[in-house]
Amino acid sequence: MTGEAPLNTRRSSNEAAPPGFRALAEYITRELGIKMSDAKVPMLQSRLARRLRALGLDSLEQYHRYLVSSEGAAERPPFFDAVTTNKTDFFREPQHFRYLVESALPSLDPGSDRFWNAQVWSAGCSSGEEAYTIAMTLGDFGAARQRFDFSILATDISQRVLQAGMDAIYEKPLIAPIPEELRKRYLLRSRDPADELYRIVPALRSRVRFSTLNLVGPEYRVSQSFEAIFFRNVMIYFDKPTQERVVCRLCRHLRPGGYLFIGHSESLAGLDVPVRMVAPAVYRQALTGEP
Ligand SMILES: C[S@@+](CC[C@H](N)C(=O)[O-])C[C@H]1O[C@@H](n2cnc3c(N)ncnc32)[C@H](O)[C@@H]1O
C-alpha cells in the first residue's frame, strides 16, 4: 500500500519509529502490561515479520489495523506469542527451590496427622520448565512424608508456550540443568534414541494444570489460595504501577503466611504491596494475626 513504511528491520537510533509502531506498542502495553519504547522497533519488526508475510501485509500500520478489527480477533493469540519473551530454564535461580522445601513449606506445615495438599502457582510459566521444576522438588519433598500431595497451576498469556508445557517434551540441551538423580525419576526418554527427546513422567504431568491467564486482564479465574506463587522474570517487562497492581492481585491468592518468589533481577522496592522480604527475591504475606 502506498504511503506506508515498508517492513525494514534496519534503522538508525535517531530515526522516527515507523508508522503503526506506536499504535502497536500502546496496544501491547494496554493488553499485556508490557512496556515498549521506540528502542524495541527492530525487535517488534523482526518478531512480526513472519505474521505479516503470512497475512500478506506490508507494514506495521496495516498489521495494527487488522489486529484491532473484528476480523483480526483470531490474530491476537499468534500476536501475543510473537511479542512475549519466553526465556526460561529448568532449575532457573535454583536457590528458590531449596528455599521452598527447606524453609517455606516447613513453616506452613499443618502437622503430620493432617492431610496436606500444597498449592503452588507458576504465574507467567512459559513452556513449563518452572512448573515442572517445582513439581520435581515437591515430588521429592513428598516422598519423605506421609499425607502430602501437591497441585501446581501454571498460567501464561502465550498459547504456544502453554501447549509446549502441556506436551512436556524437551530436547536434550534443555534438560541439562536437571540433576541426574531427578532425571532418572522424573523424565522418560523417547523410544527412538536418535530423537534425544525427554518427556516429564505422567505422575508429575498430572499434578500441573496449564491455563491461559492474562495477569493484567479483568479477572483472575483462580479459586484456590496458594502456599507459594512463583512470579519470576515477568514483571521486569511491566512499568511500576502495573507491577504494583499485579503483585497486589497475586497476593490476594496467597494463603496467610504464603510466599511470593520474584526473579533475582526484579525488586518490589518502592511498591505498596502486602508482603515483606524474607530472603533474596522471596517475600512473605503476614500470618493471620500478625501486623
Ligand atoms: C521470561 S518468561 C519467564 C518464565 C518463568 N517464570 C521463568 O522465570 O523462567 C515471561 C513469561 O511471562 C509471560 N507474560 C508476559 N506478560 C504476561 C501477561 N500479561 N499475562 C500472563 N503472562 C504474561 C510471557 O508470555 C512469558 O512466557
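# Exercises on a predicted model

At 9% relative accessibility, glutamine 243 counts as buried. The structure is a predicted model, and the exercises below work through parts of it.

**Exercise 1.** State where glutamine 243 is found and which residues it touches, not counting residues up to four places away in sequence.

Solution.
- Step 1. Glutamine 243 belongs to helix H11, residues 240-251.
- Step 2. Its contacts, with residues up to four places away in sequence not counted, are Met235, Phe238, Ser267 and Leu271.
- Step 3. The cut-off for buried is under 20% relative accessible area. Glutamine 243, at 9%, is therefore buried.

**Exercise 2.** Describe how helix H1 and helix H2 cross, and sort the residues of their contact into nonpolar, polar and charged.

Solution.
- Step 1. H1 covers residues 21-32 and H2 covers residues 41-55; their axes come within 11 Å and cross at roughly 85 degrees.
- Step 2. Angles of 65 to 115 degrees count as roughly perpendicular. H1 is therefore roughly perpendicular to H2.
- Step 3. On the H1 side the contact has Phe21, Leu24 and Ile28, and on the H2 side Val41, Leu44 and Leu48.
- Step 4. Sorted by type, the contact of H1 with H2 has six nonpolar residues, no polar and no charged.
- Step 5. An α-helix has 3.6 residues a turn, so residues three or four places apart point the same way.

**Exercise 3.** List the buried residues of helix H3 and name the helices they pack against.

Solution.
- Step 1. In H3, residues 60-68, the buried residues are Leu60, Gln62, Tyr63, His64 and Leu67.
- Step 2. These buried residues of H3 pack against H1, H2 and H4.

**Exercise 4.** Place glutamate 75, decide whether it is buried or exposed, and list its contacts beyond four places in sequence.

Solution.
- Step 1. Glutamate 75 sits in the loop between H3 and H4.
- Step 2. Its relative accessible area is 3%, so glutamate 75 is buried.
- Step 3. With neighbours within four places in sequence set aside, glutamate 75 contacts Arg51, Leu55, Tyr63, Tyr66 and Leu67.
- Step 4. For tyrosine 63, twelve residues from glutamate 75 along the chain, the separation of the C-alpha atoms is 9.7 Å.

**Exercise 5.** Glutamate 93 and glutamate 196 each have a positive phi. Give the location and the accessibility of each.

Solution.
- Step 1. Glutamate 93, which is not a glycine, has a phi of about 50 degrees. The loop between helix H4 (76-83) and helix H5 (95-108) holds glutamate 93.
- Step 2. With a relative accessible area of 17%, glutamate 93 is buried.
- Step 3. Glutamate 196 has a phi near 50 degrees. The loop that holds glutamate 196 runs between strand E4 (187-189) and strand E5 (197-200).
- Step 4. Glutamate 196 is partly exposed, at 32% relative accessibility.

**Exercise 6.** How many disulfides does the structure hold? Check cysteine 125 and cysteine 251.

Solution.
- Step 1. The number of disulfides is zero.
- Step 2. For cysteine 125, the nearest cysteine sulfur belongs to cysteine 251 and is 19 Å away. A disulfide needs two cysteine sulfur atoms within 2.5 Å, so that distance does not qualify.
- Step 3. Cysteine 125 is buried, at a relative accessible area of 1%.
- Step 4. For cysteine 251, the nearest cysteine sulfur is that of cysteine 248, 6.4 Å away, and cysteine 251 is in no disulfide. Cysteine 251 counts as buried, at 2% relative accessibility.

**Exercise 7.** Give the order of the seven-strand sheet, find its edges, and name the strands that H5 lies across.

Solution.
- Step 1. The open sheet has the order E6-E2-E1-E7-E8-E10-E9, with mixed pairing.
- Step 2. E6 (208-212) and E9 (275-279) each have a single partner strand, so one side of each lacks a neighbour in the sheet.
- Step 3. Neighbouring strands are turned by 25 degrees against each other on average, direction ignored.
- Step 4. E1 (residues 116-123) and E7 (residues 226-231) run parallel and are joined by three bridges. Valine 120 is opposite alanine 228 in E7.
- Step 5. H5 lies across E1, E7, E8 (254-262), E9 and E10 (282-285), and runs at about 170 degrees to E8.
- Step 6. Helix H6 (residues 129-143) also packs on the sheet, where it touches E1, E2 (148-156), E6 and E7.

Conventions
Residues are numbered from 1 along each chain as its sequence is written. This is a predicted model: local features need pLDDT of at least 70, side-chain atom pairs count only at pLDDT 80 or more; totals for chains, interfaces and linings use all residues. Side-chain values use heavy atoms; hydrogens and water are left out. Axes are lines fitted to C-alpha atoms, for helices over the stretch in contact, and angles run from 0 to 180 degrees between N-to-C directions. Helices (H or I, at least four residues) and strands (E, at least two) are DSSP runs, numbered from the N terminus. Angles under 35 degrees count as roughly parallel, over 145 as roughly antiparallel, 65 to 115 as roughly perpendicular and the rest as oblique. Contact means heavy atoms within 4.5 Å. Ala, Val, Leu, Ile, Met, Phe, Trp, Tyr, Cys and Pro count as nonpolar, Asp, Glu, Lys and Arg as charged, and the others, Gly among them, as polar. Buried means under 20% relative accessible area, exposed over 50%, partly exposed in between (1.4 Å probe, protein chains only). Two strands pair if DSSP finds at least two bridges between them.
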